[in-house]
Amino acid sequence: MEHQGAAAGNGRGVVTVTLRRAWAKDLDAPSLYELLKLRVEVFVVEQACPYPELDGRDLLAETRHFWLEKPDGEVICTLRLMEEHAGGEKAFRIGRLCTKRNARGQGHTTRLLRAALAEVGDYPCRINAQAYLTEMYAQHGFVRDGDDFIEDGIPHVPMVRPGTGVEVQP
């Protein structure tokens with residue numbers, strides 16, 4: 001696992017929040033549990049949306065997980081980045097991006113998105129954005145890529161951050 005620390009204010013002082021990244025194969029059980037716990041807290045409980053959270057993609061070899069963690073191990077923001085090869089073309093997909101309710105508005109989502117998009121580089125990257133978040137994703141270079149749709153009772157917009165067409169050597 002890779003990590004990088006930064007300070008964030010919480011109204012009671014400064015707390016160090018660590019950026020972590022791990023390939024699926026390197027993700028330990030306690031970390032995976034914390035990621036899933038936050039996703040269920042936000043998507044299932046807070047948004048009152050029962051859906052199949054365990055979709056089989058978290059442990060695929062090409063899946064990477066990014067998250068922000070407080071010193072006590074509490075995960076406050078997470079996303080997963082999946083590599084795809086539709087039509088033989090390399091692209092990425094961001095999914096399961098969420099931030100703990102009491103940690104919103106502090107730049108955590110932006111920090112996590114920037115880290116993931118740095119890894120994406122010049123390749124295209126897709127996201128099925130909840131409709132109310134499209135402007136936030138647009139600030140990171142995403143544009144609409146199709147018609148609105150409803151997924152699990154929530155309006156979504158397919159978006160893509162187009163690649164430059166230049167292949168970057170890893």
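1. A residue is called buried when its relative accessible area is under 20%. That cut-off is handy from the start: Leu-38 comes out at 2%, so it counts as buried. Please keep in mind while reading that this is a predicted model.

2. Let us stay with Leu-38 for a moment. Leu-38 sits in helix α1, which covers residues 29-46. Setting aside neighbours within four places in sequence, its contacts are Val-75, Ile-76, Cys-77, Thr-78, Cys-98, Thr-99 and Lys-100. One of these partners, Thr-99, is 61 residues away in sequence, yet the two C-alpha atoms are 7.8 Å apart in space.

3. Now for the overall layout. The protein chain has 3 helices and 9 strands, and from the N terminus the order is β-β-α-β-β-β-α-β-α-β-β-β. Of its 170 residues, 42% are buried. Among contacts between residues at least 6 apart in sequence, 57% join residues at least 24 apart. The chain exposes about 9,300 Å², and carbon and sulfur atoms supply 53% of that area.

4. The nonpolar interior is worth a look on your screen. In soluble globular proteins, nonpolar side chains tend to be buried together. Here the largest nonpolar core has 27 residues, and Leu-79, Leu-81, Ile-94, Leu-112, Tyr-137 and Phe-142 are the members with the most contacts inside it. At least two residues of this core come from each of β2 (14-23), β3 (63-69), β4 (75-84), β5, α2 (108-120), β6 (125-130), α3 (134-138) and β9. Helix α2 gives the largest share, 6 residues.

5. Ile-94 makes a good place to centre the view of that core. Beyond neighbours within four places in sequence, Ile-94 is in contact with Leu-79, Arg-80, Leu-81, Leu-113, Ala-116, Leu-117, Cys-125, Arg-126, Ile-127 and Phe-142. A second core, separate from this one, has 14 residues, among them Leu-35, Leu-38, Val-42 and Phe-43. Our opening residue, Leu-38, therefore belongs to this second core, with its 2% relative accessible area marking it as buried.

6. Helix α2 deserves its own point. It has 13 residues and spans 19 Å from first to last C-alpha, close to the 18 Å expected at 1.5 Å a residue. Its buried residues include His-108, Leu-112, Leu-113, Ala-115, Ala-116, Leu-117 and Val-120. Just after α2, Gly-121 has a positive phi of about 65°.

7. Next, the charged pairs. Side chains of opposite charge can pair when their charged atoms come close. The model has 14 salt bridges. In one of them, Arg-21 pairs with Glu-119, with the closest N and O atoms 2.6 Å apart. Arg-21 is in strand β2 and Glu-119 in helix α2, so this pair ties together parts that are 98 residues apart in sequence. Arg-21 is buried at 10% relative accessibility, whereas Glu-119 is partly exposed at 28%.

8. What else is Arg-21 linked to through salt bridges? Arg-21, Arg-64, Glu-83 and Glu-119 form a network of salt bridges. Within it, Glu-83 is in strand β4 and is buried, with a relative accessible area of 16%. The side chains of Glu-83 and Arg-64 make a polar contact at 3.2 Å. Not counting residues up to four places away in sequence, Glu-83 touches Glu-62, Arg-64, Lys-90, Ala-91 and Phe-92.

9. Two further salt bridges are worth checking. Lys-100 and Glu-41 meet through their side chains at 3.1 Å, N to O. Lys-100 is in the loop between β5 and α2 while Glu-41 is in helix α1, so the pair ties together parts 59 residues apart in sequence. Lys-100 is buried at 14%, and Glu-41 is partly exposed at 29%. Lys-25 also pairs with Asp-26, with the closest N and O atoms 3.3 Å apart. In that pair Lys-25 is exposed at 70% relative accessibility and Asp-26 is partly exposed at 36%.

10. Finally, two backbone spots to look at. Arg-96 has a positive phi of about 55° although it is not a glycine, and its place is in strand β5, residues 91-99. Asp-152, also not a glycine, has a positive phi near 55°. Asp-152 is in the loop between β8 (149-151) and β9 (154-161), and is partly exposed at 40% relative accessibility.

Technical notes: Residues are numbered from 1 along each chain as its sequence is written. This is a predicted model: local features need pLDDT of at least 70, side-chain atom pairs count only at pLDDT 80 or more; totals for chains, interfaces and linings use all residues. Side-chain values use heavy atoms; hydrogens and water are left out. Helices (H or I, at least four residues) and strands (E, at least two) are DSSP runs, numbered from the N terminus. Buried means under 20% relative accessible area, exposed over 50%, partly exposed in between (1.4 Å probe, protein chains only). Contact means heavy atoms within 4.5 Å. A nonpolar core is a set of buried Ala, Val, Leu, Ile, Met, Phe, Trp, Tyr and Cys residues joined through side-chain atoms within 4.5 Å. Accessible areas come from the Shrake-Rupley method with a 1.4 Å probe; for residues, only the protein chains shown count as cover. The expected span of a helix is 1.5 Å times one less than its number of residues. A polar contact is a pair of N or O atoms within 3.5 Å; within protein, one must be able to donate a hydrogen and the other to accept it, and residues adjacent in sequence count only if both atoms are side-chain atoms. A salt bridge is a side-chain nitrogen of Lys or Arg within 4 Å of a carboxyl oxygen of Asp or Glu.
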